[in-house]
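Please work through the following exercises with the sequence and the model open beside you, and try each task before reading its solution.

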Amino acid sequence: MTQRRRPAPRPPEGTPPPAELARMARAGLAAAARVARWADAALRPGRDSASPDGKGTLSEATAGRAAAELGLTPDQVRHDWDTARLAGLVEVHGDSARPGWRLRAWNRDDSAVLRGWVAFFDAWSIAHPEPADREPAAVAEVVSAMPQVLSFLQLSAGPVPVEQLLDLLEQRVTELRTERCEIPYVPQPERTAEPGPDDTPLAPLLDWALDALASVGALTCGDGQATLTPLGSWAVWVKLEQICVAAQSPAGNIEVSAEDMLRGCAQLRPNAARAEYRAWLAARPVGGAVTELIAAARGEDALIRGLAFEALRVVGAPAEPDVRAVVDETPLRPYALLWLAEHDGADPEDAHEVLTREEATWLWVDTAAAVADHGEAPLLVRHLESAVQATVPALLDEVRAVGHPRTVQVLVALAAAHPDPALAKAVRRAAFQVHTGGS
């Protein structure tokens, strides 16, 4: 049955082009990028520096030094540093912080900038914490309900009275409580007891939420009305599209680990597999998804390794730093080099030219291992034709030389599958020599 592909979605009419959206995002995050670049230059290993405290916050000494060098106050530096962390310009790993891949790509990659802004937008309730005197449960309900409020703002495509948004918020909170089998929201100001979440007025919390979203640049408020900015409208549309894509997962692998998802895609046709990758990726933060895919590629199953890099092709530019970081890992090197060549614009048909003879031979053995484990004998025989060596003896010599851990199993499987008795005998002899370490 031929799958019908969903046409590529288009943003709402009037949405600025990506380059203009990226310009807006760069402007909104300029202060954060400035502090991140300062930290990159000033806090590298070997420099005189005060390192972060292990929680991702700057020490007093470092904040003071940055403030003096950048002409800011320490509080401004801390605020911009926190924004940089939320936007992925700075990444915290254990007790240290390092520049994020988005900072490296900031000036040349609009998609990296927009992903960074969306990450900041997603963290609006962290970027602008709620007042300390608010009931935590009520705050959590409002945060959970705000996507519906934002969707309404996006669909309205213009100013919406805050009173109307409050009505919608109260309805959504009531739905959330009903789903948990709680009593509906009924304001009861006459009570004198300590308020619980059901008694907390939602209007002040809506004001806080709107202020927080305004602080990240997602909307503007004035004259009792709220309006999404172009960036905010685009980001909400992106989130709605992600939900739609995730809902279309044909094989139901959205909630499983990367390895299980890839294993589930092994029998799918390429287009169907790519749709599954997109759905799986849409359901989780891109950084964690890439980390999971790389971890799956490091496993022993060569088929999963190849599929992991196919999924990373769907990720695109955000995966580049992680792929580049594994180039020196022997099992992943050929896959990473091919990925990077295609990412840099090489034709997929010609990308193999970036591989040395040894790397191409390693990849041939790894692919043969995947075929031997998961494919059929005729596929393994046909795989011989893809080798870069002109003759089988030359292939066997070079296969033995690269030292792939699955060499013996691959050669034994190939000998068993090949219909030519003389060639099969030569392959079996090579397998025996690799196994015994002979020549």
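The exercises below concern a predicted model, and each task is followed by a solution in steps.

**Exercise 1. A helix and its buried residues**

Determine how the reach of helix α13 compares with the expected span, and list which of its residues are buried.

Solution. Begin with the limits of the helix: α13 covers residues 270–282 and therefore has 13 residues, for which the expected span, 1.5 Å times one less than the number of residues, is 18 Å. Next, take the distance from the first C-alpha to the last, which is 18 Å and so is close to the expected value. Finally, apply the cut-off for burial, under 20% relative accessible area; the residues of α13 that count as buried are A272, A273, E276, Y277, A279, W280 and L281.

**Exercise 2. Positive phi outside glycine**

Establish where A157 and D223 lie, and decide whether each is buried or exposed.

Solution. First consider A157, which has a positive phi of about 55° although it is not a glycine, and which is found in the loop between α8 (136–156) and β3 (160–161). Its relative accessible area is 70%, and because exposed means over 50%, A157 is exposed. Then turn to D223, another residue that is not a glycine and yet has a positive phi of about 55°. D223 sits in the loop between β4 (219–222) and β5 (225–228), and with a relative accessible area of 82% it is exposed.

**Exercise 3. A tryptophan and a residue far along the chain**

Place W124 in its element, decide whether it is buried or exposed, and find the separation of its C-alpha atom from that of A209.

Solution. Start with the element, helix α7, which comprises residues 124–127 and contains W124. The relative accessible area of W124 is 7%, so this residue is buried. Lastly, although W124 and A209 are 85 residues apart along the chain, their C-alpha atoms are separated by 8.2 Å.

**Exercise 4. Salt bridges that involve α18**

Work out which elements are linked by the pairs R333 with E359, E398 with R357, and R406 with D373.

Solution. As a preliminary, recall that side chains of opposite charge can pair when their charged atoms come close. The count for the model comes to 20 salt bridges. In the pair of R333 and E359, the closest N and O atoms are 2.5 Å apart; this pair links helix α17, which holds R333, to helix α18, which holds E359, across 26 residues. R333 is partly exposed at 27% relative accessible area, whereas E359 is buried at 12%.

For the salt bridge between E398 and R357, the closest N and O atoms are 3.0 Å apart. E398 belongs to helix α20 (residues 392–402) and R357 to helix α18, so this pair ties together parts 41 residues apart in sequence. E398 is partly exposed at 21%, and R357 is partly exposed with a relative accessible area of 44%.

The side chains of R406 and D373 meet in a salt bridge at 2.9 Å, N to O. Because R406 lies in the loop between α20 and α21 (407–417) and D373 in helix α18, the pair ties together parts that are 33 residues apart in sequence. D373 is partly exposed, with a relative accessible area of 40%.

**Exercise 5. A charged patch**

Identify which residues form the negative surface patch that includes D347, and locate D347 itself.

Solution. The patch is formed by D347, E349, D350 and E353. D347 is situated in the loop between α17 (333–343) and α18 (357–374), and at 40% relative accessibility it counts as partly exposed.

Technical notes:
Residues numbered from 1 in each chain as written. Predicted model: local features only at pLDDT ≥ 70, side-chain atom pairs only at ≥ 80, totals over all residues. Heavy atoms only, no water. Helix = DSSP H or I, 4+ residues; strand = E, 2+ residues; numbered from the N terminus. Buried < 20%, exposed > 50% of the residue type's maximum accessible area, 1.4 Å probe, protein only. Patch = residues over 30% accessible without salt bridge, like charges linked within 9 Å, V, L, I, M, F, W, Y side chains within 5 Å. Areas by Shrake-Rupley, 256 points an atom, 1.4 Å probe, with all protein chains shown as cover. Salt bridge = Lys/Arg side-chain N within 4 Å of Asp/Glu carboxyl O. Lys, Arg positive; Asp, Glu negative; His and termini not counted. Charge placed at Lys NZ, Arg CZ, Asp CG, Glu CD.
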